[in-house]
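Colleague: I'd like a close look at one strand and what sits around it. Please set it against the rest of the model, so that I know where I am.

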Amino acid sequence: MDAISVIRTKRDRGTLSTEQIDWIIDAYTQGHVADEQMSALAMAILLNGMDRAEIARWTAAMIASGERMDFSSLPRPTADKHSTGGVGDKITLPLAPLVAACGAAVPQLSGRGLGHTGGTLDKLESIPGWRALLSNAEMLDVLRDVGAVICAAGDGLAPADKKLYALRDVTGTVEAVPLIASSIMSKKIAEGTGSLVLDVKVGSGAFMKNLDDATELARTMVGLGTDHGVKTVALLTDMSTPLGLTAGNALEVRESVEVLAGGGPRDVVDLTLALAREMLDAAGLPDADPARALADGSAMDCWRRMITAQGGDPDAALPTARERHVVPAPASGVLSRLDAYAVGVAAWRLGAGRARKEDPVQAGAGVELHAKPGDTVREGQPLLTLHTDTPAAFDYALAVLDGAVEIGGAFTPAPIVLGRVD
């Protein structure tokens, strides 16, 4: 078996055999297949797809590349959530402690930024002292003591995915449905959670631009989870406009804390509660009331304990960018469109994301929104504020924002939840 023959099979629209999939995943994990060869295969998969059997085998091979965790010793039922990625999608931050405050254990293995979408770990690392890397024993300790943990997948958990995840980010192959589905589900199944709720984003700021593609991805992932004994459901949610009023690492942490304090933007609160209800129902806790846990402060208490348990200081000041640039509204009227993808790329160009897998991110960089579609604005009032430590990046961010805003056009509000797959 060799990498070139596997690449050629998929390049020529063939179906990868079980033996080819098992070999390529194992050889790549062991370092016998080079990054450039796996990049070529990932591009071939993006262009030519995989059938359901190929995706299932690819996922199983990634799970088999490492260890599997076991949470059966915990006194609570386990529930996890995964988002396919969006702009301003900070939902994991308030959601994990909220669901834990309602009685479930939330072993939230999260990732770093991919393309124009932010990464949960990058966001939380803006909190002074907070650690993403925990041993399995430390993770279990936090789950027992707090009920929720947000951390990186350890090196032993689906190591094939860890390598491929970083590679996809810098080779233009993030959007491949088979690679999205297998990446997410290999980690979640190996993680050992008893139930899983998927947040599949739809719209300009998502990897799935239309509802049909998002539904296909949701069905693929729900099927993979169910086949491996994990109770899995998916919500299809709107990502045509950024979630909340911030896109960027420390900016989104600050907004998440506002939600836990009982405030925050309405769309962030609504989606957090919708996903919390799904997670609690899947975990066998349908009578729990997440809205009450937000209102009475128990979710905030859990957040503070979770951050502290991972070495962070929940009272520390968050980093801020050294430079700011205000983008004014070009006209007066109703803001009818604010393109999520453009805002995500702008935040990335300002330093909130990475161009290469080894690049650092700026904790304070990003985009702050002063209005959302449906709001009335006046010409010249602040519409966006750009944050960065590198002022030369402002021109690059402004270039992608050109044409991202419409004022005075027709505006039809869309629900945040567009559908459900189980």
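Modeller: I'll start with the strand, work outwards to the other places worth a look, and end with the whole chain.

Before that, the ground rules. This is a predicted model, in which local features need pLDDT of at least 70 and side-chain atom pairs count only at pLDDT 80 or more, while totals for chains, interfaces and linings use all residues. Residues are numbered from 1 along each chain as its sequence is written, and side-chain values use heavy atoms, with hydrogens and water left out.

The strand I'd pick is β5, residues 231-238. Strands here are DSSP runs of E with at least two residues, helices are runs of H or I with at least four, and both are numbered from the N terminus. Seven of the eight residues of β5 are buried, so call the strand mostly covered. For burial I use relative accessible area with a 1.4 Å probe and protein chains only: under 20% is buried, over 50% is exposed, and in between is partly exposed.

Next to it is β4, residues 195-202, which pairs with β5 in the parallel sense over eight bridges. Two strands pair if DSSP finds at least two bridges between them. To find your way across the pair, take L198: its bridge partner in β5 is A234. When you trace side chains there, remember that in a regular strand they alternate between the two faces of the sheet.

Now go to L211, which lies in helix α10, residues 211-227. This leucine is partly exposed, with a relative accessible area of 39%. Leaving aside neighbours within four places in sequence, L211 is in contact with V202, L236 and L418, where contact means heavy atoms within 4.5 Å. Look at the L236 contact in particular: L211 and L236 are 25 residues apart in sequence, and their C-alpha atoms are 8.0 Å apart in space.

There is an antiparallel set to put beside that parallel pair. Strand β6 (residues 246-248) joins β9 (residues 366-369) through three antiparallel bridges, with V367 in β9 as the bridge partner of A247. β9 also pairs with β11 (residues 382-388), again in the antiparallel sense, over four bridges. On that side, G366 stands opposite H387 in β11.

V367 makes a handy reference for G154, too. Their C-alpha atoms are separated by 31 Å, with the two positions 213 residues apart along the chain. G154 is in the loop between β3 and α8 and is partly exposed, at a relative accessible area of 25%. That loop, between β3 (148-152) and α8 (159-169), also holds A158. A158 has a positive phi near 45 degrees despite not being a glycine, and at 1% relative accessibility it counts as buried.

R13 has a positive phi as well, about 65 degrees, and is not a glycine either. You'll find it in the loop between α1 (3-11) and α2 (18-29). R13 is exposed, with a relative accessible area of 69%.

Two helices deserve a stop. Helix α5, residues 92-101, is mostly covered, with nine of its 10 residues buried; among them are T92, L95 and V99. G103 follows α5 and has a positive phi near 115 degrees. The other is α13 (residues 290-295), where A291 lies. A291 is partly exposed at 30% and, beyond neighbours within four places in sequence, is in contact with L273 and R277. From A291 to R277 is 14 residues in sequence and 9.4 Å in space, C-alpha to C-alpha.

Finally, the whole thing. The protein chain has 16 helices and 13 strands. Its radius of gyration is 21 Å, close to the 22 Å that the globule rule gives for 422 residues, so the chain is as compact as a globular protein of that length. That radius is taken over C-alpha atoms, and the rule is 2.2 Å times the number of residues to the power 0.38. The C-alpha trace spans about 65 × 50 × 40 Å along its principal axes. Of the 422 residues, 56% count as buried. As for contacts between residues at least 6 apart in sequence, 79% join residues at least 24 apart.
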